[in-house]
Amino acid sequence: MNQPASPHSPSARFSRLLLCVDSSIASIHAATYACQLGVGGVQIRVVSVLEIPRALLPIGWPTGLNIAAFSNELRESANVALSKVRRIFEDHGLTVEAELIDLARYGGDVSHALASEAQRWNADLLVLGARQHHGLLRWVEGAVSGPVTKLVKCPVIVVPESYEPQLQHGPTKILFAVDGSPASHQALLTGMTLAARGAHLRALFVLDRTIRFTDVVPVDVREEALVDQREEGKRALAAAAEVFTCLAPSFPADYGFLHTKRSGDDIAHTLVREAVRWPADLLVMGTHGRRGVAGWVLGSVSNRVARITATPLLLVRAAADHAESHGETDTPTVEIRSLWSQS
C-alpha cells in the first residue's frame, strides 16, 4: 500500500485523512471505502465523538435514569467502534491513530467538534458514514453530515450506509455534477485525484424542467430560462471536457445533460437516480456554486443529495469562496491547470 504516488492517486492531493465513526454499519462502510481509495502513505486519523448523555434525552425523559451508566454505555460503544475501524485499516496494512472526543470535556455540539478537529489536525479530506434514518448517535446521518460540510473547509466524502464498497484501487466510475461555477471546477480537480487509473469519467449538467404548484412564472419565461440553462450547461460541459483532456487524456470520458421529470422531481433526486443507474463509484459535487441560471449546486442541493444519496458523495468547496464576495464569479481553465500542477 506504500507505493509511490501516481499523478492520479489520492496521495498526489491528500495527505491527511480524518475519518469520523460511531457504532453503525455506516461507519464500517465508510472505513472500508477509505481503505479502498488506495491511501498508502497518507496519514489517517479516526475519531469518535462522545456526546453528553443528557443532550441525547428527549424533553420530559424520566429523571430516574442512571446517567452514569448511560454515559459508560456510550463510551464503551464508541471505543468498540474505534477498535473495529482500526482493525479494518490494519487489515489493509495501514497504520492509524484513534481518539475519542468527549463533548463533556470540550463542549459544543458534534458538528462543531468535528469541524474543529478537522481544522486542528489540518485534515485535507474528511470521511463520514451516513444513515438515512434517525438514531441515537445521529451525527453520522445525512442530517448532520450536511452541517458538517458547511463548517469544514476541506473536501468531505459521505458514504451511505446502504453502499457496500467493492473498489480495488480507487473509484473506476466517477460522476461529476457540473454547473460552471468555481466550486464545480474545484470539484472536478479534487475528484480526479481519487480516480483509479483508467477510470471512466462522466460530467453531467442537470436541466430543471420540473413544474411545481408554487411556480408563478409564465410558460414562455420558463422555456426561455431552459434555453439559458442549456447554454450555460454547454459551457460547463465544455470546461469539464477540457479539464479531463488536460489531466487524464487517456481516460474514457463522456458528457451530457440530465433532465428532471416534469413533476414531482428535483435536481438532487435526478442526480442520485443517475448515480445508481450508471452505476457510479463516486458522485462529485461542488457545494457553493454561484447564483443565477448555473446556481443549482448551492448548499441546499448538495445537502439534499447528502441526505438521500445511495452512492458515496464527494463534496468540495471552491478554493477561493471568498473571491466570490469580491465580485469574482468565474475561474478560467488556465487557472485550473495551474492549481493542478501545484497539487
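Analyst: Let's start with a yardstick: a residue is buried if its relative accessible area is under 20%, exposed if over 50%, and partly exposed in between (1.4 Å probe, protein chains only). The model is predicted, so local features need pLDDT of at least 70 and side-chain atom pairs count only at 80 or more, while totals for chains, interfaces and linings use all residues. Residues are numbered from 1 along each chain as its sequence is written, and side-chain values use heavy atoms, with hydrogens and water left out.

User: Thanks! Why is Tyr255 called partly exposed?

Analyst: Its relative accessible area is 34%. That lies between the two cut-offs, so Tyr255 is partly exposed.

User: And what makes Glu76 exposed?

Analyst: Glu76 has a relative accessible area of 55%, which is over the upper cut-off, so the word exposed applies. You will find Glu76 in helix α3. Helices here are DSSP runs of H or I with at least four residues, strands are runs of E with at least two, and both are numbered from the N terminus. From Glu76 to Ser23 it is 53 residues in sequence and 10.0 Å in space, C-alpha to C-alpha.

User: How many helices and strands are there, and what share of the residues counts as buried?

Analyst: The protein has twelve helices and ten strands. Of its 343 residues, 54% are buried. A good place to look is helix α7 (residues 182–192), where eleven of the eleven residues are buried. Among them are Pro182, His185, Leu188 and Met192.

User: What makes a set of residues a nonpolar core, and which residues have the most contacts inside the largest one?

Analyst: A nonpolar core is a set of buried Ala, Val, Leu, Ile, Met, Phe, Trp, Tyr and Cys residues joined through side-chain atoms within 4.5 Å. The largest has 57 residues, and Leu19 and Phe89 have the most contacts inside it. Helix α3 (residues 67–91) gives seven residues to this core, the most of any element.

User: How do you know where this core lies relative to the domains?

Analyst: Domain 1 (11–57 + 65–164) and domain 2 (165–320) both give residues to the core, so it lies between them. The domain bounds come from an automatic or database assignment. A second, separate core has 40 residues, including Val152, Leu175, Leu271 and Leu315.

User: What is Phe89 in contact with?

Analyst: Contact means heavy atoms within 4.5 Å. Beyond its neighbours within four places in sequence, Phe89 is in contact with residues including Leu19, Ala31, Cys35 and Val96. Cys35 itself is at 2% relative accessibility, so it counts as buried.

User: How do you know how many disulfides there are?

Analyst: A disulfide is a pair of cysteine sulfur atoms within 2.5 Å, and a search of the whole structure finds zero. Take Cys154: the closest cysteine sulfur, in Cys20, is 9.2 Å away, too far for a bond. Cys154 is buried, at 10% relative accessibility.

User: Why are Phe205 and Phe257 called an edge-to-face pair?

Analyst: Rings of Phe, Tyr and Trp (its six-membered ring) pair if their centres lie within 6.5 Å; planes under 30 degrees apart count as stacked, over 60 as edge-to-face and the rest as tilted. The count comes to four aromatic pairs. In this one, the centres are 6.0 Å apart and the planes meet at 75°, so both tests for edge-to-face are passed. The two rings are 52 residues apart in the chain, Phe205 in strand β7 (residues 200–207) and Phe257 in strand β8. Phe205 is buried at 0%, whereas Phe257 is partly exposed at 23%.

User: What makes the pair of Phe244 and Tyr255 stacked?

Analyst: The centres are 5.8 Å apart and the angle between the planes is 25°, so the pair meets the stacked rule. Phe244 sits in helix α8 (residues 219–247), and Tyr255 in strand β8. Phe244 is buried at 2%. Ring pairs also join Phe176 with Phe244 and Tyr255 in a cluster.

User: Why is the link between Thr260 and Asp208 called a polar contact?

Analyst: A polar contact is a pair of N or O atoms within 3.5 Å; within protein, one must be able to donate a hydrogen and the other to accept it, and residues adjacent in sequence count only if both atoms are side-chain atoms. The side chains of Thr260 and Asp208 are joined at 3.2 Å, so the distance fits. The side chain of Thr260 also reaches the backbone nitrogen of Arg209 at 2.7 Å. Thr260 is in the loop between β8 (253–259) and α9 (267–277), and it is buried at 0%.
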